[in-house]
Structure formats: structure tokens, C-alpha cells
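User: I am new to this structure and would like a close look at a single part of it. Please take one strand as the starting point and explain how it fits into its surroundings.

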Amino acid sequence: MAEQDGSAVRDEVAAARRIVVKVGSSSLTTAAGGLDADRVDALVDVLAKVLDGDGKGDGGRDGDGKGGDSKGGTNGKEIVLVSSGAIAAGLAPLGLDRRPRDLARQQAAASVGQGLLVARYTASFARYGRRVGQVLLTTDDTSRRAHYRNATRTLDQLLAMGALPIVNENDTVATDEIRFGDNDRLAALVAHLVRADLLVLLSDVDGLYDGDPRTPGTSRIDEVRGPQDLDGISIGSAGRSGVGTGGMVTKVEAARIATAAGVPVVLTSASRAGDALLGRHTGTFFHRTGRRSANRLLWLAHASAPRGALTLDDGAVRAVVERRTSLLPAGIAAVEGEFTAGDPVELRDTGGRPVARGLVNFDAKEIPQLIGRSTRDLARELGPAYEREVVHRDDLVVLE
């Protein structure tokens, strides 16, 4: 495995100004469910210390109990917190001894737990004179153009006004079809959304290991520069506590998404969050592998669940994949699924292989009459509303 090569990597971490921090359920709750106030306060203490930059962890409060300034921290740092724990926090109050499997009871637990979670954060950050704002997201909020812009504006405005956004999936209304699946992936996408300089994933394990960390002889991987560094590594799929949904697999996948979007990642335990945020050598550091992008297509690729599929002929596949053009009706060979205009759909080649994903401009029931026809003919027969792309190139992402 790669060895740490001095202070350069950690200097990049320490220099980060806008940071997304993700914390899992197991780091905030008891195994039986219910918030652990001491754990929440310990995390808030660390985040307040980073924001105030005084190195003492007292929040830098002045005489009236107010810390920081109107633009993030006194040292210019800003933090967006992606926090799991809503469902776990709602278990004990509802008399549940474990996370339910059915969606309805998960949503009920989230409804109770989300209020408890944000109330706990509000009270804890108030000790440092800091305000928090709750932002609940579903994939629909972030793959559709207008919703994506609104989410970006809300988060930017909260940070500009000195509030710390606390982001979670909107579990109370999200259906299986529009769920992120885990907050590790949500955190990676939020890091892209807010143009973060760094993503820190906090877990109950102090980094990525080359095997089960409980097994003697395994060692922590200090750096990951690309997928090749993980060849032959066995990554476990389950967390330890049983109250969350993610394990090491989801964290590595989140790191892959973030680094491909130009955001470096530190993976470590919640107990070492302070060291990680200060740039000290702890946890596993994932180097960025791609370039930062300003568009929302990362969300379309990683957060959307296709509601249907369009099969493209060979010419359309080349046009979409190689020339990155819009998909026109003439290039469609078949349609399947039930979807409405604006829904995400999968674009496949004639062999059934997914080649792209996009937001469709027509309902599924309209597509059959468009197949193989030119937009000019469609406009002449059906009206000017049909002289447009089935999927516009601005709403389309090619799958690598």
C-alpha cells in the first residue's frame, strides 16, 4: 500500500475551506436506538473548534456567547454536515428494538427521529453561538435541473449567513425508487453540489484496512491514489452497530464518486475527527482522480433510479456516446417501462448494455409514435411541441 509521503497530502486537507463532514448512525446513537447526547456533543465540539480555528475547542465565544462571523468560521472555513441517525433516533421512542425492514415503519421512525436529531444538534451548537439549518433531500430534488439549482442556492445561502447546514435524506417521504440508499453516497454528491474542497467520512472504524480490521495481521491503508490501490482488497459490507445502512463498501464507493468529481476524501473514525480535519496523519486519504465539474450530471449518474429504458440503434449510440449529442426520435429502436416527462431513463445499445442516462422529455406512452421518425415529420403531423429532442444533451450523462 502507498505510504504517506510527508506533509503535502495532509497540507491539502488542512488548507480545505469548504468541508463536507458525514457522520454515521453508529457514531451518534446507542446500539438499541436513541441518540447519545455525549457523542453528539463530542462531534459538535470538534466541528466548532475547526470553525473557530483557535485550537482550543472553546468555540471562540465572546462576552455575549456568540462565536464565529457571518461567513462561516473565524478562519474562513465552512462546514456542511451530512448526518445519519434519524431512523435510529426514532427507534426507542416508538418502542422498536431494531431498525424495521418495511418502508412505512422506517418512515415513521424517521419522522420522530429527525426532529430529535436536529433539536439535539441545535442545542449542542448553541453552546458555541452557532445556528444550524436542516436540509432534507431526495434524489428528485437533485437530478432535476430546477430542483438542483434550488438545493445549491439554499446551501450556499445558509453558509453565507453563517448557519451550518445539516443534511439528511428525506426518509419520511422518499420511496424505494427515489432513495439515495445510504448517506455515504449522499455526502459524496453533496460535496459536489456545494463545490467542497474536502469530504470527511466518519465511521466506527479508523480507516480502510486490507482485510477485516478485527483480524490480526491486517493493516490500515494510508492512501488510495486510484482503483488500482484497492486491487485484491477485501472490503466488508456490514457495519458493526446494526443501526445504519452503510458499511465499508458504501464508503469506498462514496470516495470513488467524490474523488472522480475532484474532491479528496478522508475516511476515519468519529473519535479521530479532530485530527482528520486539522490535517494530521490519520485514517485513509483518497486522492482526487478527476476534475471538478460545475454541473449536476454527477447526480444524474449516481443518484437517480431509471424509471424506464430506451433502446438506441447503433448510429444513435455513437452520436450519444462519442459525439455527446442529444437523443432524437429517429435513433430510438424500442421503449420499456412507465415514466413521465422529466423522469430519468436508461439509454441502452441493441445488446441491452446501458450506455447513458438522461431525463426524458416525453411520457412513455408517447414514445412509440416517435420511434424512428424525424423531428420535422413529427412537428408537421403532431405539432411544434414534438419538434424537440427525446433527451437533451444537457440532461444526459454517458456511463463510463
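Analyst: Strands β3 and β4 pair in the parallel sense, over 6 bridges. Within that pairing, Gln134 has Ile166 of β4 as its bridge partner. The model described here is a predicted one.

The side chains along β3 alternate between two faces. Gly133, Val135 and Leu137 point to one face and are buried, while Val132, Gln134 and Leu136 point to the other and are not. Gln134, the bridge partner of Ile166, thus belongs to the face of β3 whose residues are not buried.

The pairing of β3 with β4 is part of a wider arrangement. An open sheet of 8 strands runs in the order β3-β4-β2-β1-β5-β7-β8-β6, with mixed pairing. Strands β3 (132-137) and β6 (223-224) stand at the edges of this sheet, and each has a single partner strand, so one side of each is left without a neighbour in the sheet. Elsewhere in the sheet, β5 (residues 198-203) and β7 (residues 265-269) also pair in the parallel sense, over 5 bridges. There, Leu202 has Thr268 of β7 as its bridge partner.

Helices lie across the strands of this sheet. Helix α2 (residues 37-52) lies across β1 (18-23), β2 (78-83), β4 (164-169) and β5, and runs at about 160° to β2. Helix α8 (residues 248-260) lies across β1, β5, β7 and β8 (284-286), and runs at about 160° to β7. Thr250 is a residue of α8. With a relative accessibility of 16%, Thr250 counts as buried. Leaving aside neighbours within four places in sequence, Thr250 is in contact with Asp182 and Asp184.

The strand β3 also contributes to the nonpolar interior. The largest nonpolar core has 43 residues, of which Val20, Val167, Val190, Leu199 and Leu208 touch the most other members. Two or more residues of this core come from each of β2, β3, α6 (145-160), α7 (183-193), β5, α8, β7 and α10 (297-302). Helix α7 gives the most, with 7 residues. Val167 shows how β3 is connected to other parts of the chain: not counting residues up to four places away in sequence, Val167 touches Val80, Leu81, Val82, Ser83, Val135, Leu137, Leu155, Leu186 and Val190. Two of these contacts, Val135 and Leu137, are on the buried face of β3. Apart from this core lies another, of 30 residues, among them Val21, Leu47, Ile79 and Leu202. Leu202, a member of that other core, is also the residue of β5 that has Thr268 as its bridge partner.

Later in the chain, a further group of elements can be described around helix α11 (residues 314-321). In this helix, Ala316, Val317, Ala319 and Val320 are buried. Seen down the axis of α11, the buried residues fall within an arc of 165°, so they line one face of the helix. In general, an α-helix has 3.6 residues a turn, so residues three or four places apart point the same way. The elements that cover the buried residues of α11 include β9 (308-312), β11 (344-348), β12 (354-359) and β13 (396-398). At the N-terminal end of α11, Asp313 acts as a cap, with a side-chain oxygen 3.2 Å from the backbone nitrogen of Gly315.

Two residues illustrate the strands beside this helix. Glu346 is located in β11. Its relative accessible area is 14%, so Glu346 is buried. A polar contact of 2.9 Å joins the side chain of Glu346 to that of Arg348. Not counting residues up to four places away in sequence, Glu346 touches Pro306, Gly308, Ala309, Leu310, Pro354, Ala356 and Arg357.

Val355 belongs to strand β12 and counts as buried, at 3% relative accessibility. With residues up to four places away in sequence not counted, Val355 touches Val321, Leu347, Arg348, Asp349, Val398 and Leu399. The C-alpha atoms of Val355 and Thr311 are separated by 9.9 Å, although the two residues are 44 residues apart along the chain.

The setting for these parts is a chain with 12 helices and 13 strands. Of its 400 residues, 51% are buried. Among contacts with a separation of 6 or more, 73% are between residues 24 or more positions apart.

Technical notes. Residues numbered from 1 in each chain as written. Predicted model: local features only at pLDDT ≥ 70, side-chain atom pairs only at ≥ 80, totals over all residues. Heavy atoms only, no water. Buried < 20%, exposed > 50% of the residue type's maximum accessible area, 1.4 Å probe, protein only. Helix = DSSP H or I, 4+ residues; strand = E, 2+ residues; numbered from the N terminus. Arc of directions from axis to C-beta. Contact = heavy atoms within 4.5 Å. Polar contact = N/O pair within 3.5 Å; in protein donor to acceptor, adjacent residues only side chain to side chain. Pairing = 2+ DSSP bridges. Axes fitted to C-alpha atoms, helices over the stretch in contact; angles between N-to-C directions. Core = buried A, V, L, I, M, F, W, Y, C linked by side-chain atoms within 4.5 Å.
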